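These exercises go through a protein chain by its strands and helices. Each task is followed by a solution in steps.

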Amino acid sequence: MRRREFITLLGGALANQTIPANAQEPVRVRTVGVLMGFANDADAKARTEAFQQDLEREGWSVGHNLRIEYRYAEGDSARMQALAKELVELKPDCILGQSTPVITALRQATQTIPIVFVAVSDPIGSGFVASMARPVANITGFTVLHASTAGKYVSMLKDIVPQLASVAMMYNANSVPDPGTFFSGSFMEAAAQYKVRLIIAEVNDRSEIENAVKNLGTEPRSGLVVVPDNFMSVHRDLIISLTAQFRIPAIYPYRYFAEAGGLVSYGVDAIDQFRRASQYVSRILRGAKPADLPVQAPTKFELVINLRTAKNLGLVIPKILLAGAEQVIE
């Protein structure tokens, strides 16, 4: 066979073979579960959107190499346990959990799947990690508020209402660390320091919230401190409405309380926590172990003051508080 004929035959044989253009290895899709303690409302969406956006900055794209399964417990502890089990059965590569009761439920559901938490106040006392520097097990994340914050809330109330005579701390025992004792020590110390009567208001449903605020309204020169927990967040509109009705100045843990009509909120920047959490989740998806990622404290705090509510309550907010506010609602 002449050389020209051989090349022609070889070319024809190759042309009849199917050779995929730009053949690549299949993309491995990682799965991340997200369990939120509260409802799927606008505030929850703002947090999850920030989380997903920062994962994209880390090189993860939903629909390409990433799948995210979102679940919302709506402040219901039984629902948290069911959803935690549901997520674990999906065998995700990592789970993001928001709040102490959510992590408790996830911890009961798995001892092996990596978990990153946000909005947890006392991870050591709650048994999630051995230490802040060396979590040891399959859980790490970002703490939200120090125990002394409850005392700071009392101090702020005293600045706003110098004649303050009594102050109540409202919480749901199923939604806070050590059924309320984590915050109560600082709360009691501050109440003693400012010589105000302390009231513990543990609530478990709407009717108990209504009764607690109504009873507080009969106390002259009273104030309210709302402890950060899922139950309080789910029922924030009710609490804000009642405090307005009974003319009770209140301090809240997150900015969405003040934006919804609450007097003052002071707490961590929740969006920032979810952004930071995305970095830990990304590192875990690339092979890092939670035990090697130290628990981190909050770095950004927000003070939001609602002057419209202050005016309705007949209160004058001290200039020193206004000067330090992240946002003033007029």
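**Exercise 1.** Which residue in E12 is the bridge partner of Ile-305?

*Solution.* The model is a predicted one, in which local features need pLDDT of at least 70 and side-chain atom pairs count only at pLDDT 80 or more, while totals for chains, interfaces and linings use all residues. Residues are numbered from 1 along each chain as its sequence is written, and side-chain values use heavy atoms, with hydrogens and water left out.

Step 1. Find the strands: helices (H or I, at least four residues) and strands (E, at least two) are DSSP runs, numbered from the N terminus. Strand E11 covers residues 301-306 and pairs with E12 in the parallel sense over 3 bridges. Two strands count as paired if DSSP finds at least two bridges between them.

Step 2. Read off the partner: Ile-305 is bridged to Val-328 in E12.

**Exercise 2.** Place E12 in its sheet and describe the strands around E10.

*Solution.* Step 1. The sheet is open, has 7 strands in the order E7-E6-E8-E9-E10-E11-E12, and its pairing is mixed. Strands E7 (197-202) and E12 (327-329) are at the edges with a single partner strand each, so one side of each has no neighbour in the sheet.

Step 2. E9 (residues 250-252) pairs with E10 in the parallel sense over 2 bridges, and Tyr-252 stands opposite Ser-265 in E10. E10 and E11 run antiparallel and are joined by 5 bridges; here Tyr-266 stands opposite Leu-303 in E11.

Step 3. Check burial, where buried means under 20% relative accessible area, exposed over 50%, and partly exposed in between (1.4 Å probe, protein chains only). In E10 (residues 264-268), 5 of the 5 residues are buried, so this strand is largely enclosed by the rest of the structure.

**Exercise 3.** Describe the sheet that contains E1 and name the helices lying across it.

*Solution.* Step 1. This open sheet has 5 strands in the order E2-E1-E3-E4-E5, with parallel pairing. Its edge strands, E2 (66-72) and E5 (139-143), each pair on one side only.

Step 2. E1 (residues 30-36) pairs with E2 over 7 bridges, and Gly-33 has Glu-69 in E2 as its bridge partner.

Step 3. Helix H2 (residues 42-57) lies across E1, E2 and E3 (94-98). Helix H11 lies across E1, E2, E3, E4 (115-120) and E5.

**Exercise 4.** How many of the 16 residues of H11 are buried?

*Solution.* Step 1. The count is 12 of 16, so H11 is largely enclosed by the rest of the structure. Among the buried residues are Phe-274, Tyr-280 and Leu-285.

Step 2. Look at the ends. Before the helix, a side-chain oxygen of Asp-269 reaches to within 3.1 Å of the backbone nitrogen of Ile-271. After the helix comes Gly-287, with a positive phi near 115 degrees.

**Exercise 5.** Is Asp-54 buried or exposed, and which residues does it touch?

*Solution.* Step 1. Asp-54 lies in helix H2 and is buried, at a relative accessible area of 12%.

Step 2. Leaving out residues up to four places away in sequence, Asp-54 touches Arg-275 and Ser-278; contact means heavy atoms within 4.5 Å.

**Exercise 6.** Where is the pLDDT below 50?

*Solution.* Step 1. pLDDT is the predictor's confidence in each residue, from 0 to 100. The protein chain averages 91, and 91% of the residues score at least 70.

Step 2. The pLDDT is below 50 over residues 6-21, a stretch with 2 contacts in the model beyond near neighbours in sequence. Where pLDDT is low, the predicted coordinates should not be read in detail.

Methods
A polar contact is a pair of N or O atoms within 3.5 Å; within protein, one must be able to donate a hydrogen and the other to accept it, and residues adjacent in sequence count only if both atoms are side-chain atoms. Axes are lines fitted to C-alpha atoms, for helices over the stretch in contact, and angles run from 0 to 180 degrees between N-to-C directions.
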